[in-house]
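Colleague: I am new to this structure and would like to learn how to read it feature by feature. Could you take me through it slowly, giving the general idea before each case?

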Amino acid sequence: MLTAFRYLNTPKENRELNKKLENEIRSLGKGYFKVEGHWVECTDSSLNYSECPKDKLKDSIEESLFVPNISAKEIHNLGKKYGQDAVIYGGKQTKGNATLIYKDGKILLDDAT
């Protein structure tokens, strides 16, 4: 699961960015389901999420995309491109369990990217 939404963007900017993300997912030959996502977002995009101070965290409700059969590398690259703190991935490497892949590439399994 991933999104292009960011707390600092306007609602219109977020919708436009998500539309671009949807088109990129389709260009990879993938489909998606829209879902309501929740994330505590770091409002300072220059920081790695794990280093974000609590006073810079903001609860965010965002339109997210569940993308079946996407690889860890593909979803990580899209998450980075759209400035996300992390994406949620579950696949062969994680035995189907949901795992966060952070924008710096850190994940629970080193070989998943």
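Modeller: Let us begin with exposure, keeping in mind that this is a predicted model. A residue is called partly exposed when its relative accessible area lies between the 20% and 50% cut-offs, and Thr43, at 25% relative accessibility, therefore counts as partly exposed. Thr43 is placed in the loop between E1 and E2.

Colleague: Which residues is Thr43 in contact with, leaving aside its neighbours within four places in sequence?

Modeller: With those neighbours left aside, Thr43 is in contact with Tyr7, Leu8, Lys56 and Lys58. Tyr7 also shows how sequence and space can be read side by side, since Thr43 and Tyr7 are 36 residues apart in sequence and 7.0 Å apart in space, C-alpha to C-alpha.

Colleague: How should I read another residue of that loop, Asn48, which is found between E1 and E2?

Modeller: Asn48 has a relative accessible area of 25% and is partly exposed. Leaving aside the neighbours within four places in sequence, Asn48 is in contact with Lys103 and Asp104. As for distance, Asn48 and Thr94 are 46 residues apart in sequence, and their C-alpha atoms are 22 Å apart in space.

Colleague: Before we go further, how many helices and strands does the chain have, and what pattern do they follow along the sequence?

Modeller: The chain has 2 helices and 4 strands, and read along the sequence they follow the pattern α-β-β-α-β-β.

Colleague: How does one judge the overall form of such a chain?

Modeller: One way is to compare the radius of gyration with what a compact globule would have: for 113 residues that value would be near 13 Å, and the chain has 13 Å, which agrees. The C-alpha trace spans about 35 × 30 × 20 Å along its principal axes. Contacts add a second view, for among those with a separation of 6 or more, residues 24 or more positions apart account for 54%.

Colleague: What share of the residues is buried, and what can be said of the surface?

Modeller: Buried residues make up 36% of the 113 residues, while the chain exposes about 6,900 Å², of which carbon and sulfur atoms supply 51%. On the charges, the chain has 18 positive and 17 negative ones, and the mean positions of the two sets are 4 Å apart.

Colleague: Could you set a buried residue beside an exposed one?

Modeller: Ser64 lies in strand E2 and, at 6% relative accessibility, counts as buried. Apart from neighbours within four places in sequence, Ser64 is in contact with Leu2, Thr3, Phe33, Lys34, Val35 and Gly37. Lys20, by contrast, has its place in helix H1, residues 11-27, and counts as exposed at 52% relative accessibility. The C-alpha atoms of Lys20 and Pro68 are separated by 18 Å, and these two residues are 48 residues apart along the chain.

Colleague: What is a disulfide, and where does this structure have one?

Modeller: A disulfide is a covalent bond between the sulfur atoms of two cysteines. The structure holds 1 disulfide, formed by Cys42 and Cys52, whose sulfur atoms are 2.1 Å apart. The link is right-handed, with 85° about the S-S bond. Cys42 lies in strand E1 (residues 33-42) and Cys52 in the loop between E1 and E2, so the pair ties together parts that are 10 residues apart in sequence.

Colleague: Are Cys42 and Cys52 buried or exposed?

Modeller: Both Cys42 and Cys52 are buried.

Colleague: My last topic is the backbone: which sign of phi should I expect in residues other than glycine?

Modeller: Most residues other than glycine have a negative phi. Here Asn69 has a positive value, with phi near 60°, and Lys95 likewise has a positive value, with phi near 55°.

Colleague: Where do Asn69 and Lys95 lie, and how exposed is each of them?

Modeller: Asn69 lies in the loop between strand E2 (57-66) and helix H2 (72-81), and Asn69 is exposed, with a relative accessible area of 70%. Lys95 is found in the loop between strand E3 (86-89) and strand E4 (99-102), and Lys95 is exposed as well, with a relative accessible area of 76%.

Notes:
Residues numbered from 1 in each chain as written. Predicted model: local features only at pLDDT ≥ 70, side-chain atom pairs only at ≥ 80, totals over all residues. Heavy atoms only, no water. Rg over C-alpha atoms; globule rule 2.2 N^0.38 Å. Buried < 20%, exposed > 50% of the residue type's maximum accessible area, 1.4 Å probe, protein only. Contact = heavy atoms within 4.5 Å. Areas by Shrake-Rupley, 256 points an atom, 1.4 Å probe, with all protein chains shown as cover. Lys, Arg positive; Asp, Glu negative; His and termini not counted. Charge placed at Lys NZ, Arg CZ, Asp CG, Glu CD. Disulfide = S-S within 2.5 Å.
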